[in-house]
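Welcome, and please have your viewer ready with a selection box open. We will go from stop to stop, and at each one you will hear what to select and what is there.

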Amino acid sequence: MTITHLKSGKPESERAEDDAKVRAIVETTLKDIETRGDTAIRELSAKFDKYEPPSFRLTASEIEAAVQKVSARDMDDIKFAQSQIRTFAQAQRASMTDIEVETLPGVILGHRNIPVQSVGCYVPGGKFPMVASAHMSVLTASVAGVPRIIASAPPQNGAPHPAIVAAMHMGGAHEIYVLGGMQAVGAMAIGTETIDPVHMLVGPGNAFVAEAKRQLYGRVGIDLFAGPTETMVIADHSVDAELCATDLLGQAEHGYNSPAVLLTNSEKLARETLAEIDRILDILPTAETARTSWNDYGEVIVCDTYDEMLEVANDIASEHVQVMTDRDNWFLENMHSYGALFLGPRTNVANGDKVIGTNHTLPTKKAGRYTGGLWVGKFLKTHSYQRITTDEAATTIGEYGSRLCMLEGFVGHAEQCNIRVRRYGGKNVAYGKAAE
């Protein structure tokens, strides 16, 4: 059994140095927002986006004006994508039911799924205005029933991006802000004089946005800890190099540090894909970004067997895993650590990113080992409740509870049980003693 790396990316040590620099900048910025509020975010917006409006929040008329700038074709495409995403999110929500069971006569236990009460949705702008991220966060929160949804995205050329504003508005945002980067995330979480803070932050972003969410976690909830976009193509003899190279570079263009991995048991396919990547990079309009990302973070790994491929894939736990083999269902049944699977050559990550209906906010940096991605359930909190309705049940549960509390040395806890045993069971339990 052999695993061969025909191409490797940057070592982890170099990536850690970059992370440390970002961490320090974000920490200082968040403290500034907390101290100076609107003044701080206004200065940051002027510095990074050259944007200083009277108010960062769009009025109803400003939203309508932005929507009117979206072409009919683009509007139809946005509506189609939102229909797909809404349909799947509604099906997911329907799968989550409140429950109530009687475990013993008179002992009733249950749980309710309650929406988070306020959510801040960040939609990246930067080099690529991520219209689809508005669907994934705002619309999904709306399906979950979140009563206050605010959304923010950076300006484009000194103005709100019309398609992003349209997607936010159609998705169900109650407040829309034109504010970008870590200042948007900080303002939504911490609050300012003009922006009430939220209970939860969601949405992808650059390294500074991701780090801001990490530092704010605990103060607010977040969807997940997100790093740069990752993609893995698992392929065998059943597909060709052009398909593999196209799918790898299609995600490498996201940023200068987007890992893209080819995992195969065909050395022939691996070498042909390397050559095909070189060919496509000479004609791809976004090659400047994709080439840097591929050179620094691209990998080609050749295994002897499908079992080895599975082992490596689960260890890497990539955000997007595209499986194009003669046994795609085998990978579906056996993979356990990933963000989302894209099965078969007809399927691709771009469809998942934009339109097919599943959510594109997914775990990176091996987080697929312990969490899935954003979905309607992330906006719901499952809260339990208990009710005892008979004297007999209060006595029975109380006696067990009394003894178990005393076993741990919690006398005050035991008395909570004992007082019920005395009142509802008519039994004489000595104070500070375990029930018989």
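A cavity here is a set of points, on a 1 Å grid over the protein atoms alone, where a 1.4 Å probe fits but cannot get out, and its lining residues have an atom within 4 Å of a point. Grid points are joined across faces, edges and corners, and a volume is the space filled by probe spheres set on the points. The model is predicted, with local features needing pLDDT of at least 70 and side-chain atom pairs counting only at pLDDT 80 or more, while totals for chains, interfaces and linings use all residues. Residues are numbered from 1 along each chain as its sequence is written, and side-chain values use heavy atoms, with hydrogens and water left out.

**Stop 1: the cavities**

The structure has two cavities of 30 Å³ or more. For the largest, select Gly 203, Pro 204, Gly 205, Val 209, Ala 210, Lys 213, Leu 224, Phe 225, Ala 226 and Gly 227, which line it. They surround about 50 Å³ of space. Colour this lining by class and you get six nonpolar residues, three polar and one charged. The classes are as follows: Ala, Val, Leu, Ile, Met, Phe, Trp, Tyr, Cys and Pro are nonpolar, Asp, Glu, Lys and Arg are charged, and the others, Gly among them, are polar.

Next, go to the second largest cavity, with a volume of about 40 Å³. Select its lining: Ala 153, Pro 154, Pro 160, His 161, Ile 164, Val 165, Met 168, Ile 176, Tyr 177 and Val 178. Helix H6 (162-171) and strand S6 (175-178) are the elements that each give two or more residues to this lining. Such elements are DSSP runs numbered from the N terminus: helices are H or I with at least four residues, strands are E with at least two. By class, this lining has nine nonpolar residues, one polar and no charged.

**Stop 2: the cores**

Keep Met 168 selected and add Val 119, Leu 201, Leu 216 and Phe 379: these have the most contacts inside the largest nonpolar core, which has 64 residues. Helix H7 (residues 181-190) gives the most to this core, seven residues. A nonpolar core is a set of buried Ala, Val, Leu, Ile, Met, Phe, Trp, Tyr and Cys residues joined through side-chain atoms within 4.5 Å. Buried means under 20% relative accessible area, exposed over 50%, and partly exposed in between (1.4 Å probe, protein chains only).

Now centre on Phe 379. Setting aside neighbours within four places in sequence, its contacts (heavy atoms within 4.5 Å) include Val 119, Ala 141, Met 200 and Leu 374.

**Stop 3: the annotated positions**

An unreviewed UniProt entry places a "binding site" feature at Thr 229, Gln 251, His 254, His 320, Asp 353, Glu 408 and His 413. Because the farthest two C-alpha atoms are 55.6 Å apart, these positions do not all gather at one spot. UniProt positions follow the numbering used here, feature names are shortened, and annotations may be inferred rather than shown by experiment.

Is His 254 buried or exposed? Neither label fits: His 254 is partly exposed, at 28% relative accessible area. Look for His 254 in the loop between helix H9 (241-252) and strand S10 (260-264). Beyond four places in sequence, its contacts include Thr 229 and Asp 353.

Step across to Asp 353, in helix H14 (residues 349-354). Asp 353 is buried, with a relative accessible area of 7%. Among its contacts beyond four places in sequence are Gln 251, His 254 and His 320.

Finish at His 413, in helix H16 (residues 411-425). His 413 is partly exposed, at 40% relative accessibility.

Conventions: On a 1 Å grid over the protein atoms alone, a cavity is a set of points where a 1.4 Å probe fits but cannot get out, and a pocket is an open set with protein on both sides within 12 Å along at least five of seven lines; lining residues have an atom within 4 Å of a point.
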